[in-house]
Amino acid sequence: MLLLAMADVRVDYIPGVSPRPLSAFPTVMHGKGVELLEYSLAPFPSVPKCQCLLLSTVYNLEPLVVDSLKSELQCPIYTVGPSFPHGRLKQNDDQVEDDYLAWLDKQIKKSVLYVSFGSFCSISDEQMDEIAAGLLQSGAKFIWVARADAPRLCETCGSGGDGLVVPWCDQLRVLAHEAIGGFLTHCGWSSTQEGMFTGVTFLTFPILMDQEVNSRLMVEDFKVGWRLKGPAGDDGVVKRDEIGGMVRRFMDGESKEVKEMRLRAEELRQCCLQAVDTDEAAAGSHEVNFRGFVDFILSCSDKTST
């Protein structure tokens, strides 16, 4: 209860993290997630004993945070993000193209909103119905990965017209498609990384855990998105009129604000691409750190065998 009462207390003493209220931190520190706090904190006493630490981020995106950790910990720290199989985008797929990619091929550049709330986050049926109605009200094209809710939402949204609802898709390929102009997301870290890597703008809908932090990183720090939903842990239903209006403005490619936001998103994309550059003369942080980690493991193996 004490943490709940302190939700608005401003935290300004964490190195590398800009001042923000406690409610801006993962939901294990406030709201309904407090019951998970002890479980979440359990691994941290072991961190000083680690032989090395892998961080799933790009160094140039969060240098102050990484440098602060390096100053506190004695072990090597390797930033190995982006931590997903980004190399797949360079591969030619000779298989039959999926229907959703064929649908995207027919759309105007940056005209489609990609909608996905991850693999396990729970959103009420009422909220899902409001999102569906808001998307239709906005007039924007959209592709929505709705998993188990796909059959029901297909009936609500129709299919093949302004909106396409599917149970699954290859998210990275969809985000990289030139037709995608934005990403309505719960802000799970994997989805957030993929969005940055492909240079899309974010419409954030954080639900729990670290998603609130990731949402604020995109909206307030990098300024490549807008918040659609209140703080993670807030169970209030966002209504269709608010959703429809914001989606309409968010997808307006002629808006000065949207154009500037998309330029900043492209800068993030370039930062991520540089991180995975394999050129020996200018290898990126992902390449350098991953090689460093492999060398560290090999050196440990050598010590063990001697």
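# Notebook: empty space in a predicted model

**Entry 1. The cavity.** I looked for closed spaces and noted 1 cavity of 30 Å³ or more in the structure. I keep in mind that this is a predicted model. The idea behind the search is simple: rolling a probe the size of a water molecule over the atoms shows where empty space is left. The largest cavity holds about 30 Å³ of space.

I then listed its lining. Thr57, Val58, Leu61, Pro82, Trp189, Gln193, Met196 and Cys272 line the largest cavity. I sorted these residues of the lining by class and got 6 nonpolar, 2 polar and no charged. Which helix gives the most to this lining? I found that H8 does, with 3 residues.

I also asked where the largest cavity lies with respect to the domains. Domain 1 (3–84 + 282–304) and domain 2 (92–271) both give residues to the lining, so the largest cavity lies between them.

**Entry 2. Pro82.** One of the residues lining the largest cavity is Pro82, and I checked its backbone. A cis peptide bond joins glycine 81 and proline 82, with omega at about 0°. Proline 82 sits in the loop that runs between strand E4 (77–79) and helix H4 (99–105).

**Entry 3. Cys187.** I looked up another backbone angle, this time in the loop between strand E8 (180–185) and H8, where cysteine 187 is found. Its phi is near 70°, which is a positive value in a residue other than glycine. For both backbone entries I wrote down the general rule: most residues other than glycine have a negative phi, and most peptide bonds are trans.

**Entry 4. The largest pocket.** I moved on to the open spaces. The largest pocket has a volume of about 1700 Å³. I counted 37 residues in its lining, and those nearest its centre are Val17, Glu62, Val65, Leu69 and Val213.

Which elements supply at least two residues each to this lining? I noted helix H2 (37–41), strand E3 (53–55), helix H3 (63–72) and helix H9 (211–221). H3 has the largest share of the lining of the largest pocket, 7 residues. By class, I recorded 25 nonpolar, 7 polar and 5 charged residues in the lining of the largest pocket. I checked the domains here too: domain 1 (3–84 + 282–304) and domain 2 (92–271) each give at least three residues to the lining of the largest pocket.

**Entry 5. The second largest pocket.** The volume I noted for the second largest pocket is about 430 Å³. It is lined by 20 residues, and Ala176, Phe197, Thr198, Gly199 and Arg269 are the closest to its centre.

Helix H7 (171–176), helix H8 (189–198) and helix H11 (256–275) each supply at least two residues of this lining. How many residues come from H11, which has the largest share? I counted 4 residues from H11 in the lining of the second largest pocket. The classes in the lining of the second largest pocket are 8 nonpolar, 5 polar and 7 charged residues.

**Entry 6. H8 and H9.** H8 is in my notes for the cavity and for the second largest pocket, while H9 is in those for the largest pocket. I looked up how these two helices pack. H8 and H9 meet at an angle of about 20°, and their axes are 10 Å apart. Angles under 35 degrees count as roughly parallel, so H8 is roughly parallel to H9. I also noted the hand of the crossing of H8 and H9, which is left-handed.

Key:
Residues numbered from 1 in each chain as written. Predicted model: local features only at pLDDT ≥ 70, side-chain atom pairs only at ≥ 80, totals over all residues. Heavy atoms only, no water. 1 Å grid on protein atoms, 1.4 Å probe; cavity = no way out; pocket = protein on both sides within 12 Å on 5 of 7 lines; lining within 4 Å. Points joined across faces, edges and corners; volume = space filled by probe spheres on them. Nonpolar A, V, L, I, M, F, W, Y, C, P; charged D, E, K, R; others polar. Domains from an automatic or database assignment. Axes fitted to C-alpha atoms, helices over the stretch in contact; angles between N-to-C directions. Parallel < 35°, antiparallel > 145°, perpendicular 65-115°, else oblique. Left-handed = near helix turned anticlockwise from the far one by under 90°.
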